[in-house]
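Subject: Structure handover

Hello,

Here is the structure for you to look through. My notes on what was found in it follow below.

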Amino acid sequence: RAGFAYALSSVLESRAQYQEAFALYTEATRLRRRGTEWDAPRHARRCERILEAFPAHPEITSTSTLGEGCIFVLGLPDDVAAAVARVLRAHPSIGHAGAPDPARRIAAESDRRQQTFAQWARQATPAEWLRLGREYLAEPTPAGAGSHRLFDAAALRPELAGAIAAMLPAARFVAIGNDALESCWSCFRADFHDGERYSADLAELAHYHRDFERLLARWQARFGARIHRVDADALRSDSTGAIAALFAHCGLDAADAAPSADLLRLRAHPEARVYGDLLKPLARMLAAQPAENA
């Protein structure tokens, strides 16, 4: 029922029946939410402990080449983040096979130390981070892997980016710069099934967005030179220039890029503002929870 409701909501939206689409998206998320659990305060507390473990001062510059060719996308898994990931995956240097999940390596280290991630992260030395990076890169990759690895926003937990940056000093990060209302609404209307559990409730989406912005501000302070921001508006207005800058940051040859219709579809997609007053409660929640200066 939930899957059909999401599909029908999209059809109604394409017909500019926004009030009906909003009502059905709300019903679809209600149905999905019945089988999921999300504790927003608990997630906020975990993010706070991670921020304490990774202070705002810049990371120590490393000459290590560990992680060269690894690309991690930071952002909510909205339409823009998904389009950027598809453009990157279309490049011949990036294999279609999924990259190993660094979260598993971090979880294994927590088991080994018998401590939570936030506890041992504040004590880990640069040598220990590099050991974890070597162990991660030594994990077998699926057949079809290319010279570059991509981990997109739908798979990467942003609270782990500080650890990944320490493990892989040569890795590059891509931050998706999208309007908060557009990003949250995009996530709300996407069917993640049992993933992205925060996305099935507008209030929890607003809380999650605040947590993400605080984390991103901290990562910008620590290793901002390794983060390239892809602005959603620039992507729509000058996709060629935006993609060329993205590829240059990631060490990819723009001449090898395949044409993508994903960016054209971004321009055609209706903006959140067409829903008018229906999204005012979400807009107020986002305005009431500004990202703190991390």
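**Loops, strands and the whole chain**

Proline 140 sits in the loop between helix 7 (126-138) and strand 2 (149-151). With a relative accessible area of 74%, proline 140 is exposed. Its C-alpha atom is 26 Å from that of glutamine 115, and the two residues are 25 apart in sequence. Please keep in mind throughout that this is a predicted model.

Glycine 35 is another loop residue, placed between helix 2 (18-33) and helix 3 (40-53). Is glycine 35 buried or exposed? Its relative accessibility is 69%, and the cut-off for exposed is over 50%, so glycine 35 counts as exposed. From the C-alpha atom of glycine 35 to that of arginine 134 the separation is 38 Å, with their positions 99 residues apart along the chain.

Two loop residues have a positive phi without being glycine. Alanine 16, in the loop between helix 1 (2-14) and helix 2, has a phi near 65°. Its relative accessible area is 45%, so alanine 16 is partly exposed. Histidine 193 is found in the loop between helix 9 (180-188) and helix 10 (202-223). The phi of histidine 193 is positive, at about 60°.

Now the strands. Strand 1 (residues 70-74) is mostly covered, as five of its five residues are buried. In a regular strand, side chains alternate between the two faces of the sheet. Which residues of strand 1 point which way? Cys70, Phe72 and Leu74 point one way, while Ile71 and Val73 point the other way, and all are buried.

Strand 1 pairs with strand 2 in the parallel sense, over three bridges. In that pairing, phenylalanine 72 stands opposite phenylalanine 151 of strand 2. Strand 1 is also joined to strand 3 by four bridges, and these two strands run parallel. Valine 73 has valine 174 of strand 3 as its bridge partner, and leucine 74 has alanine 175 of strand 3.

Strand 3 covers residues 172-177 and is mostly covered too: five of its six residues are buried. How many bridges join strand 3 to strand 4 (residues 227-231)? There are five, and the two strands run parallel. Phenylalanine 173 stands opposite isoleucine 227 in strand 4.

Last, the chain as a whole. It contains 14 helices and four strands. Its radius of gyration is 19 Å, close to the 19 Å that the globule rule gives for 294 residues, so the chain is as compact as a globular protein of that length. Along the principal axes, the C-alpha atoms fill a box of roughly 55 × 45 × 35 Å.

Of the 294 residues, 47% count as buried. Among contacts with a separation of 6 or more, 82% come from residues 24 or more positions apart. The chain exposes about 14,100 Å², and carbon and sulfur atoms supply 52% of that area. There are 36 positive and 37 negative side chains, and the centres of the two sets lie 4 Å apart.

When you open the model, strand 1 is a good place to begin, with its bridges to strand 2 and to strand 3.

Regards

How values were computed:
Residues are numbered from 1 along each chain as its sequence is written. This is a predicted model: local features need pLDDT of at least 70, side-chain atom pairs count only at pLDDT 80 or more; totals for chains, interfaces and linings use all residues. Side-chain values use heavy atoms; hydrogens and water are left out. Buried means under 20% relative accessible area, exposed over 50%, partly exposed in between (1.4 Å probe, protein chains only). Two strands pair if DSSP finds at least two bridges between them. The radius of gyration is taken over C-alpha atoms; the globule rule is 2.2 Å times the number of residues to the power 0.38. Contact means heavy atoms within 4.5 Å. Accessible areas come from the Shrake-Rupley method with a 1.4 Å probe; for residues, only the protein chains shown count as cover. Lys and Arg count as positive and Asp and Glu as negative; His and the chain ends are not counted. The place of a charge is taken as NZ of Lys, CZ of Arg, CG of Asp or CD of Glu.
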